[in-house]
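Biologist: I should like to understand how the terms used for a protein model are justified. May I put some questions to you while we look at one together?

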Amino acid sequence: MKLTTKGRYAVMAMADLALNAKFGPISLTEISLRQNISLAYLEQIFIKLKNKKLVKSSRGALGGYVLERPASEINISNIIFAVDEKVKNLNCKKSSKKGCNNKFTKCITHNLWDQLDQHINHFFERVKLQDLVEKNLNL
């Protein structure tokens, strides 16, 4: 499965934001320190999350980020796609005329990996950000 640090860090940061929502706007510095993610990297991620209307920001000494809508309405797939990530197991593109092994056919296991992609993406669509927060609180 291919999911870069951008996708993983976006989910971690959003979970942190949801978990600490009761404290008001959260600064990226706070998230950076708690989750051990580079502040510069978080800034890039949050620009994308803000553009996709998953978070909103406020300025000032008490400023920071808050969720744009409740955590119960945000799927993990929303977060992953917001930062231009795709979860995939296949090296070939479905629209490509060439197959997985640079021939005109698909590899023998193509359909297996394609089905796994579908299961993973369906899983991320079903899991809500709120689910991560609740599981963290129950630890």
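Biologist: Where does Lys53 lie?

Modeller: Lys53 lies in the loop between α3 and β1, the latter covering residues 55–58. Please keep in mind that this is a predicted model.

Biologist: Why is Lys53 called exposed?

Modeller: A residue is called exposed when its relative accessible area is over 50%. Lys53 has a relative accessible area of 54%, and therefore counts as exposed.

Biologist: What makes the phi of Lys53 worth a remark?

Modeller: Most residues other than glycine have a negative phi. Lys53 is not a glycine, yet its phi is positive, near 60°. Asn36 also has a positive phi, of about 55°, although it is not a glycine. Asn36 is found in the loop between α2 and α3, and with a relative accessible area of 68% it is exposed.

Biologist: What is the overall pattern of helices and strands in the protein chain?

Modeller: The protein chain has 6 helices and 2 strands. Read along the sequence, they follow the pattern α-α-α-β-β-α-α-α. Of its 139 residues, 36% count as buried.

Biologist: How do you know that contacts in the protein chain join residues far apart in sequence?

Modeller: Consider the contacts with a separation of 6 or more: 65% of them are accounted for by residues 24 or more positions apart.

Biologist: Why is Asp16 called buried?

Modeller: Buried means a relative accessible area under 20%. The value for Asp16 is 3%, so Asp16 is buried. Asp16 lies in helix α1, residues 5–19. Leaving aside neighbours within four places in sequence, Asp16 is in contact with Ile26, Ile31, Arg34 and Gln35.

Biologist: What makes the pair of Arg34 and Asp16 a salt bridge?

Modeller: The definition asks for a side-chain nitrogen of Lys or Arg within 4 Å of a carboxyl oxygen of Asp or Glu. For Arg34 and Asp16 the N to O distance is 2.7 Å, and the pair therefore meets the definition. Arg34 lies in helix α2 (residues 28–35) and Asp16 in helix α1, so the pair ties together parts that are 18 residues apart in sequence. Unlike the buried Asp16, Arg34 is partly exposed, at 39% relative accessible area.

Biologist: Why does the pair of Glu30 and Arg34 also count as a salt bridge?

Modeller: The N to O distance between their side chains is 3.9 Å, which is within the 4 Å limit, so this pair counts too. Glu30 and Arg34 are 4 residues apart in helix α2, and are therefore separated by about one helical turn. Glu30 is partly exposed, with a relative accessible area of 33%. Asp16, Glu30 and Arg34 are linked in a network of salt bridges.

Biologist: How many salt bridges does a search of the whole structure find?

Modeller: The search finds 3 salt bridges. One of them joins the side chains of Asp84 and Lys48, at 2.6 Å from N to O. This pair links distant parts of the chain, with Asp84 in the loop between α4 and α5 and Lys48 in helix α3 (residues 39–51), 36 residues apart. Asp84 has 52% relative accessibility and so counts as exposed, whereas Lys48, at 25%, is partly exposed.

Biologist: How do you know that the span of helix α5 is close to the expected one?

Modeller: Helix α5, residues 110–126, has 17 residues and reaches 25 Å from its first C-alpha to its last, against 24 Å expected at 1.5 Å a residue.

Biologist: Which residues of α5 are buried, and on which side do they lie?

Modeller: The buried residues of α5 are His110, Asp114, Asp117, Ile120, Asn121 and Phe124. They cover an arc of only 125° around the axis, so they lie on the same side of α5. What covers them includes α4, residues 76–82. The face turned away from this buried side carries the exposed residues Asn111, His119 and Arg126.

Biologist: Why is Trp113 called partly exposed?

Modeller: Partly exposed covers values between the 20% and 50% limits. Trp113 has a relative accessible area of 34%, and therefore belongs in this class. Trp113 is found in helix α5. Together with Leu112 and Leu116, Trp113 forms a nonpolar patch on the surface, with about 260 Å² of accessible area.

Methods:
Residues are numbered from 1 along each chain as its sequence is written. This is a predicted model: local features need pLDDT of at least 70, side-chain atom pairs count only at pLDDT 80 or more; totals for chains, interfaces and linings use all residues. Side-chain values use heavy atoms; hydrogens and water are left out. Buried means under 20% relative accessible area, exposed over 50%, partly exposed in between (1.4 Å probe, protein chains only). Contact means heavy atoms within 4.5 Å. The expected span of a helix is 1.5 Å times one less than its number of residues. The arc is that of the directions from the helix axis to the C-beta atoms. Patches are made of residues with over 30% relative accessible area and no salt bridge: like charges are joined within 9 Å, nonpolar side chains (Val, Leu, Ile, Met, Phe, Trp, Tyr) within 5 Å. Accessible areas come from the Shrake-Rupley method with a 1.4 Å probe; for residues, only the protein chains shown count as cover.
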